[in-house]
Amino acid sequence: MLMQSLLFVVLVVGGTALISWPLGRYMKWAMDPADPSAGLAGWNTRVMRIVAGPLAAPDQTWKRYMLAMLAFNVVMFLVTYAILALQQHLPLNPDGKGALEGSLIFNTAASFTSNTNLQHYSGEVSLSYLSQLAGLMWLQFVSAATGIAALAALARGLAGRPLGNFFMDVQRASFLVLLPVAFIVAILLVLGGVPMTFEGAVLATTLEGVQQTIARGPVAAFVSIKQLGTNGGGFFGPNSTHPLENPGFWTNILEMSAIIIVPMACVWMFGRIVGRLRHAGVIFAVMLGFIAVKITGAVYFESAPTQAFADLPIERTVGNLEGKELRFGATGGPLWSVLTTSTSNGSVGSMHDSLNPMTGLMPMVGMWLNSTFGGVGVGMINMFLYIVVGVFIAGMMIGRTPEYLGWRVEAREVKLALFALLAHGLFILGGTAIFAATPWGADTLNNIGPHGFSEILYEFTSASANNGSGFEGLGDNTVPWNIATGIVMLLARFIPIILPLAIVGSLASKRRSAESSGTLSVESGVLAAMLASTIFVVGALTFFPAATLGPIAEHVMFMN
């Protein structure tokens, strides 16, 4: 059993890590070609400048890049809001889906614009095909492309070059990276049995002679970008536990690999753009180490039987099978829960509300750190914030001016990095405190005590990490939940993108110095240890008290 679990983890994580290397090389070519005016890269550049017009022509400062990104995302939000609000009057609605409630429209538009895909609705019940495709699936491409574009700009700035043009970058990320990879994955999903049709729901007769309505639709296309763009929003309410989103063993492996393949490749893309592949290798190793620890913890803690079956005459020697997809075994659920929360994916292969208490802590830790590969593009950007803080601390410890890639890291850059990191904790802990102490949260709980607190804590953690998964023990489709999490998702999306761009703008205003023998090497184990320590200390100091009130308290309660 142990050997099977180990092989399964190595197949998914190790195999995906190997594939991420050539994908990172391709992404560097797509996002930052060596000669953008020659060959295929030149043809792509000319076509994209024709599409975007004069907006795509000039290089932008960090402020102009930021404003272009924000303007583009405002348009994304407004278009999606209009489609959702008017879906009952629009085409591609064969099942006659009706109007949505106003706060739910706001929450859904904010969720998909921010690459969160938190769902307070069930897709097959509430949304038309047009809403799913032209509204949500479109955002799953362009919101993910926004993250890749921001990372490419940040890397160019650190390399001492102009940041580029946002409108060019978002087109490159959409059409050269995400679209072709999603097309390949969608074809594989169709071959694996995932539906792809524009026909309405089908009426089937069961073996008992009962009539059953089975929802279907263009599922394969939706699921492919849902996974690759670290979006996570499911076509069906149960997400990837639904047999039409995830029919079998090989589709399960494909979808798990798709969760982490692009975030992994983003690290290599970053290293190639800044010209420091060994430095990217150090960052990759730190991220991989954290994800390995979380997977080990999740699989170990989930090997214990659930307390829900304690008084039932049920075999309890195979671990916790409550809320699991028995088609995928006992390891598949915990592994998926770690992968989907180490990135900002948020899709689910098991019900997180049914995880053992300490297993449920592992996904929370992934979202609290929010940088162990993280979301497409933004995961590496979040790691950059930890690098700034770690390099500054290391410089102070050895009595030298801290430097990163030849740029002097001073008080201004550290303040911006800490503000972004602490804002993440504020959104999570502040929102949890308010909703745990008021009827807004307490009246929506299905559980009391530490588990109920964990449900509230998880919801705000998921919103702030732009993850989108949930414990699913909340009645969260209420006006307070929809408005609060919608605001958190938007703020938590753009603050950690804007402030790193500001840091790069601040660094670029200084003179770059050559590295010397006294400079902290960015390619050494010392940096890896410093970076891992910084991530652990910041995360532990910020979130450990909340963890003791939720999953840790629940674990201790069951032990006693």
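In which helix does proline 551 lie? In this predicted model, proline 551 belongs to helix H19, which covers residues 551–559, and the report returns to its surroundings after an account of the whole protein.

## Overall form

The protein contains 19 helices and 4 strands. Its C-alpha atoms occupy a box of roughly 75 × 60 × 45 Å along the principal axes. For 560 residues, a compact globule would be expected to have a radius of gyration near 24 Å, and the value of 23 Å computed for the protein agrees with that expectation.

Of the 560 residues, 60% are buried. When contacts between residues at least 6 apart in sequence are considered, 77% of them join residues that are at least 24 apart. The exposed area comes to about 21600 Å², and 69% of that area is supplied by carbon and sulfur atoms.

## Charges and salt bridges

The protein carries 27 positive and 28 negative charges, and the mean positions of these two sets lie 19 Å apart. Side chains of opposite charge can pair when their charged atoms come close. The structure holds 12 salt bridges, and a network of such bridges links Lys28, Asp32, Arg156, Arg161, Asp169 and Arg172.

Two pairs drawn from these residues can be described in detail. Lysine 28 and aspartate 32 meet through their side chains in a salt bridge with an N to O distance of 3.7 Å, and both of these residues are buried. Arginine 172 and aspartate 169 form another salt bridge, in which the closest N and O atoms are 3.8 Å apart. Because arginine 172 and aspartate 169 are 3 residues apart in helix H7 (residues 166–191), about one helical turn separates them. Arginine 172 counts as buried because its relative accessibility of 9% is under the 20% cut-off, and aspartate 169 is also buried, with a relative accessible area of 1%.

## A bridge between distant parts of the chain

Where in the chain do glutamate 413 and lysine 510 lie? The side chains of these two residues meet in a salt bridge at 3.0 Å, N to O. Glutamate 413 is placed in helix H14 (residues 411–436), whereas lysine 510 is in the loop between helix H17 (479–508) and helix H18 (525–549), so the pair ties together parts that are 97 residues apart in sequence.

Are glutamate 413 and lysine 510 buried or partly exposed? Glutamate 413 is buried, its relative accessible area being 1%, while lysine 510, at 21% relative accessibility, counts as partly exposed.

## Two buried residues and their contacts

Leucine 154 is found in helix H6, which spans residues 129–158, and it counts as buried at 1% relative accessibility. Setting aside residues up to four places away in sequence, leucine 154 touches Phe270, Ile381, Phe384, Pro500, Leu501 and Val504. Valine 274, although 120 residues away from leucine 154 in sequence, has its C-alpha 9.5 Å from that of leucine 154.

Proline 551, in helix H19, is likewise buried, with a relative accessible area of 2%. Apart from neighbours within four places in sequence, its contacts are Pro357, Met358, Leu361, Met364 and Ser454. The C-alpha atoms of proline 551 and phenylalanine 453 are separated by 8.6 Å, although the two residues are 98 residues apart along the chain.

## Asparagines with positive phi

Most residues other than glycine have a negative phi. What is the sign of phi at asparagine 115? Asparagine 115 is not a glycine, and yet its phi is positive, at about 65°. This residue lies in the loop between helix H4 (102–113) and helix H5 (123–126), and at 1% relative accessibility asparagine 115 counts as buried.

Asparagine 239 also has a positive phi without being a glycine, with a value of about 60°. Its place is in the loop between helix H8 (219–228) and helix H9 (249–274). At 4% relative accessibility, asparagine 239 counts as buried.

Terms used
Residues numbered from 1 in each chain as written. Predicted model: local features only at pLDDT ≥ 70, side-chain atom pairs only at ≥ 80, totals over all residues. Heavy atoms only, no water. Helix = DSSP H or I, 4+ residues; strand = E, 2+ residues; numbered from the N terminus. Rg over C-alpha atoms; globule rule 2.2 N^0.38 Å. Buried < 20%, exposed > 50% of the residue type's maximum accessible area, 1.4 Å probe, protein only. Contact = heavy atoms within 4.5 Å. Areas by Shrake-Rupley, 256 points an atom, 1.4 Å probe, with all protein chains shown as cover. Lys, Arg positive; Asp, Glu negative; His and termini not counted. Charge placed at Lys NZ, Arg CZ, Asp CG, Glu CD. Salt bridge = Lys/Arg side-chain N within 4 Å of Asp/Glu carboxyl O.
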